[in-house]
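Hi there,

Here is the structure I promised to pass on. Have a look at it first, and my notes follow below.

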Amino acid sequence: MAAPAADVEKKMDPQFEEVSSVSEMSTTQEGVTAAYEAKSTLINEYIENEIGFGRYQFQLFFLTGLGWAADNIWLQGVAIILPQIKSELHPSRVEFATMSLFIGLIVGASVWGILADLIGRRLSFNITLFIAAVFGIAAGGANNFTTVCALIACLGFGVGGNLPVDGAIFLEILPKNQQWWLTLLSVWWALGQLFASLVAWPLISNFSCADASNCLKADNKGWRYTLYVVGGVTAVMWILRYIVFDMQESCKYLVAKGRDEEAIEVLQHIARVNGKTMTLTLETLQGAAKERTGEPGVNTKMSTYQVVRNAFSSFDLSHVTPLFSTRRLAINTSITIMLWGLIGLAYPLFNGFITLYLSTQVKDQESSTNRTYRDYSIISVLGVPGSIIACLVVDYTRKNQGSKFAMGGRKLTMALSTALTGIFLFLFTTSKTENAVLGFSLASGLTQNAMYGVLYAYTPEVFPAPHRGTGDALCSAFNRICGVLAPVIKIVTTNPDGTAVGGTANGPIFVSATLFMVASILMLLLPIETAGKAAL
């Protein structure tokens with residue numbers, strides 16, 4: 001049974017206790033109004049004590065996971081097909097295909113993430129995969145490199161909205177003691193890479209040109225078949241999300257917009273799906289705000305048209321400035337965004353061209369397409385336990401958060417896995433044998449997915465729901481903006497044939513490893529630890 005409204009303030013998490021009155025709509029140190037904080041805290045109690053984790057959350061875990069998988073499927077899918085595109089279409093720099101993808105991802109992450117805070121989470125959730133599927137399939141039929149790049153940019157615009165939105169959707173309906181599921185969501189990212197590699201391996205191995213100097217379209221359909229399959233699977237994902245599943249708007253988004261009655265209806269629907277009964281009423285919810293501020297707050301009910309009209313008629317920085325409203329929050333937001341930027345450059349510098357590295361790293365050995373994609377598939381398999389390890393560590397730190405060691409929890413786990421990733425990439429550059437190349441690639445694949453697992457959980461946890469979509473969008477957009485530099489660095493440091501420019505062909509990997517090491521240090525400087533705390 002949930003606590004009554006009168007007990008809300010007594011039961012608040014210590015992280016959210018300090019309140020400073022700025023105006024009638026007082027703002028807490030977490031960048032939200034006191035009225036919203038009181039309502040959100042009460043909702044968290046009812047979610048934990050009455051609704052629990054049940055069928056609705058499990059279905060949402062599966063469907064938001066598909067969105068995360070799609071993001072990495074397309075990121076890896078483009079990386080996988082670069083050698084075949086290069087052989088058939090003869091672009092001056094094949095890296096421009098990766099650059100096009102990241103340009104689309106930048107725009108997609110910004111647009112869909114911000115829209116999530118303006119007009120709700122459902123629109124982004126329901127349409128992003130459809131856009132990715134349509135343009136992904138179309139890219140498979142392109143006859144020149146310019147068209148390929150344009151269509152890849154468009155699919156990036158669609159799929160780019162998944163990471164900043166899907167994690168927020170899932171987090172906002174999780175009980176506090178089940179927030180480790182958000183870390184486990186990253187296993188879908190690893191499964192996306194594995195799926196892309198298992199699709200591409202047989203198709204590219206069996207339907208690619210034997211002679212790169214005389215490569216005709218009819219002899220090189222493997223990369224096109226790969227895009228058709230991945231695009232078709234993405235379309236099935238969209239059908240499951242939009243048609244099969246009855247997606248509810250985020251109750252915390254609704255409360256933040258003053259739509260309390262609709263928030264209660266959403267919670268009641270979720271409780272029914274879970275086979276539970278929820279006793280929270282509109283009067284109790286508004287009573288929590290009244291006890292905190294003296295005012296119950298407004299309650300409105302709007303149509304979709306009204307929501308969209310109001311959002312764009314009053315568009316401003318109201319969802320950005322609260323993320324920097326206090327010194328502590330400003331430092332944490334700035335470091336978090338910077339981390340996403342550093343990793344956004346470091347990750348694709350290696351993974352965005354991994355098939356090129358695997359096929360050229362070992363000297364004096366004839367490159368084999370089958371060997372390259374076999375090794376890539378093995379590396380992808382080991383990414384899955386990386387995410388699971390991250391989940392287990394995060395859950396352990398949550399249960400043991402009473403410890404006096406401030407370095408525990410999300411921050412230490414992220415920093416350690418990120419530093420190990422950098423170390424393994426440095427070792428990769430020393431590899432002289434196929435086994436060494438594969439071994440260090442496997443190790444870095446494990447630690448990278450562990451790092452991403454915790455980072456994906458920490459980021460939405462540290463932003464409050466009224467501004468969570470915008471915060472996630474800023475991080476994701478900066479991640480993609482820096483990612484655009486990956487092909488630029490690759491172009492500057494290597495010739496079109498993959499040989500080094502004035503030095504070593506491992507230049508991009510050295511840069512990647514260094515960035516991971518710098519990011520690991522910054523992670524230790526984050527002032528906010530989210531382990532064991534319910535997300536606002």
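Leaving out residues up to four places away in sequence, Ala 196 touches Ile 73, Gln 76, Gly 77 and Ile 80. Please keep in mind that this is a predicted model. Ala 196 sits in helix H8, which spans residues 187-206. With a relative accessible area of 1%, Ala 196 falls under the 20% cut-off and therefore counts as buried. Ala 196 and Leu 75 are 121 residues apart in sequence, yet their C-alpha atoms are 9.2 Å apart in space.

On to the nonpolar interior. The largest nonpolar core has 135 residues, and those with the most contacts inside it are Leu 60, Leu 267 and Leu 280. Helix H2 (residues 55-89) gives the most to this core, with 17 residues. Setting aside neighbours within four places in sequence, Leu 60 is in contact with Gly 65, Phe 125, Ile 169, Phe 170, Ile 173, Phe 245 and Met 247.

Two of those partners, Ile 169 and Phe 170, bring us to helix H6, where both are among the buried residues. How many of the residues of helix H6 are buried? For this helix (residues 162-171) it is 10 of the 10, so H6 is largely enclosed by the rest of the structure. The buried residues of H6 also include Asn 162 and Asp 166, along with Pro 164 and Gly 167.

Next, the cysteines. The count comes to 1 disulfide, formed by Cys 209 and Cys 215 with their sulfur atoms 1.9 Å apart. The torsion about that S-S bond is about 75°, so the disulfide between Cys 209 and Cys 215 is right-handed. Both Cys 209 and Cys 215 are buried. Cys 149 is buried as well, with a relative accessible area of 9%, and Cys 251 counts as buried at 2% relative accessibility.

Finally, the surface. Which residues make the nonpolar surface patch of about 330 Å²? They are Ile 137, Phe 207, Tyr 225 and Tyr 228. Tyr 228 lies in helix H9, residues 222-244. Is Tyr 228 buried, exposed or partly exposed? Its relative accessibility is 35%, and buried means under 20% while exposed means over 50%, so Tyr 228 counts as partly exposed.

Happy to go through any of this with you whenever it suits.

Best wishes

Methods. Residues numbered from 1 in each chain as written. Predicted model: local features only at pLDDT ≥ 70, side-chain atom pairs only at ≥ 80, totals over all residues. Heavy atoms only, no water. Helix = DSSP H or I, 4+ residues; strand = E, 2+ residues; numbered from the N terminus. Buried < 20%, exposed > 50% of the residue type's maximum accessible area, 1.4 Å probe, protein only. Contact = heavy atoms within 4.5 Å. Patch = residues over 30% accessible without salt bridge, like charges linked within 9 Å, V, L, I, M, F, W, Y side chains within 5 Å. Areas by Shrake-Rupley, 256 points an atom, 1.4 Å probe, with all protein chains shown as cover. Salt bridge = Lys/Arg side-chain N within 4 Å of Asp/Glu carboxyl O. Disulfide = S-S within 2.5 Å. Core = buried A, V, L, I, M, F, W, Y, C linked by side-chain atoms within 4.5 Å.
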